Amino acid sequence: MNANNKEKKIKILTLAYALAVVVLGLLALFAIAIYGFGADNQLTKKAARIFPYPAAVMDGVHIISLNNLEENVVAVKRFYENQDFGSVGLKVDFATADGRKRLKIKERDLLTKMIENRIVEMLANKQGIVLTKQAVDQEVNKRIAEFGSGTDLTDNLQRLYGWSLEDFKERIVQPDMYKTMLAEKVRQNGTSGAQAKTKIDQAALDLKAKKDFSEVAKKYSEGESAGSGGELGWFSADQMLPEIATVAFNMKKGGTSDVIESSLGYHIIQVEDIKIEDEVNKLKLRQIFVRTQNFSDWLLEQEKNIKIWIPLKDFKWNKEAGVVEFTNNDLQQFESELDKNSPDEASMIF
């Protein structure tokens, strides 16, 4: 290599290093503006689209980007502004100082939901749950059928949120599927579920041995009605869990059901009486109820084992409650007085 070529290479490397230093310096300046001063302007938003500044970090490796959070805030804002709330005496206004605070509340709630969705996906993957493209597409097709047509769905997604069908899959369908599948896995494999099943099965054996329903309820039931021998009172079908109503309204007076599994746990019901009131069929019920662990409670316990860091100036993570909270006293005070300062604001009602 001659002297000229060597000198040329050194100049190119020097220029490359200089550019790298400038870029890193700009990234650092934007980071200081975003995290140190809470800057929220077009310049910082453009920077966040180019570089994945984190809005939240889980276990040091799982990141929710600031840009994704901003995109969801824009979508929610668009949704509210595209509704005709005036016809029901409500309004939406994010342009005022109070309106910007209301939008900040939406941003806080969105970040909480995004963190939960990512944690659910993390936990689902640990349980061996992985969504395939085919499974997601099948779920989307099912939702399209429920909606009417694919064109109707895509048109509404674009009009209301500015989303494509792929956005809908990524932001709504996949998180819902992960949560449903993980909840089912937890229900099937949870220790509390096995213990609850053993307990309700023993109650069923006692009933088959002709023991009094009231006494069995007092012994095994975990519901509030246990002290009164399982007495629940009168119910119409729409006042019951669907799983209970399906069985109960096919029973005769005096009948006792087999074990019924619901989203809350295990039940054995007895129909004490039947009547028609105001042309509505009603049943007087007694119940033996054994609770299984609620998925939300289980998820909160899992979240407590995950390190969650929110670098944004206005937010912090409440580990015990499993939610994002405001660090800003003004925002805290504003939210505590929402009933007074936003009585007809649709975004705070729906």
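In what order do the four strands of the open sheet lie? Here are some notes to read alongside the structure, which is a predicted model.

1. The sheet. The order is E3-E6-E5-E4, and the strands pair in the antiparallel sense. At the edges you will find strand E3 (231-235) and strand E4 (260-261); each has a single partner strand, so one side of each is left without a neighbour in the sheet.

2. The E4 edge. Two bridges hold the antiparallel pairing between E4 and strand E5 (residues 265-277). If you would like a residue pair to look for, Glu 261 has Tyr 266 in E5 as its bridge partner.

3. A helix on the sheet. Helix H9 (residues 213-220) packs on the sheet and touches both E5 and strand E6 (280-291). The directions of H9 and E6 make an angle of about 45 degrees.

4. Gln 287, a polar residue worth a look. Gln 287 sits in strand E6. Is Gln 287 buried or exposed? Its relative accessibility is 12%, and buried means under 20%, so Gln 287 counts as buried. Its side chain makes a polar contact of 2.6 Å with the side chain of His 267. Leaving aside residues up to four places away in sequence, Gln 287 also touches Phe 213, Ala 217, Ser 221, Ser 225, Gly 230, Leu 232, Ile 268 and Ile 269, among others.

5. The largest nonpolar core. Nonpolar side chains tend to be buried together in soluble globular proteins. Here the largest nonpolar core has 55 residues, and those touching the most other members are Leu 111, Ile 115, Leu 182, Ile 310 and Leu 312. H4 gives the most to this core, with 11 residues. As for Leu 111, its contacts beyond four places in sequence are Ala 55, Ala 56, Ile 64, Leu 69, Ile 310, Leu 312, Phe 315 and Val 324.

6. A second core. Separate from that one is a core of 13 residues, which includes Ala 217, Tyr 220, Tyr 266 and Ile 288. You have already met Tyr 266 as the bridge partner of Glu 261.

7. Helix H11. Which residues of helix H11 (residues 295-303) are buried? They are Phe 295, Trp 298, Leu 299 and Glu 303. Looking down the axis of H11, the buried residues fall within an arc of 140 degrees, so they line one face of the helix. Their cover includes helix H4 (97-126) and helix H7 (165-189), along with strand E7 (308-309) and strand E8 (315-318).

Note on methods
Residues are numbered from 1 along each chain as its sequence is written. This is a predicted model: local features need pLDDT of at least 70, side-chain atom pairs count only at pLDDT 80 or more; totals for chains, interfaces and linings use all residues. Side-chain values use heavy atoms; hydrogens and water are left out. Buried means under 20% relative accessible area, exposed over 50%, partly exposed in between (1.4 Å probe, protein chains only). The arc is that of the directions from the helix axis to the C-beta atoms. Contact means heavy atoms within 4.5 Å. A nonpolar core is a set of buried Ala, Val, Leu, Ile, Met, Phe, Trp, Tyr and Cys residues joined through side-chain atoms within 4.5 Å. Two strands pair if DSSP finds at least two bridges between them. Axes are lines fitted to C-alpha atoms, for helices over the stretch in contact, and angles run from 0 to 180 degrees between N-to-C directions. A polar contact is a pair of N or O atoms within 3.5 Å; within protein, one must be able to donate a hydrogen and the other to accept it, and residues adjacent in sequence count only if both atoms are side-chain atoms.
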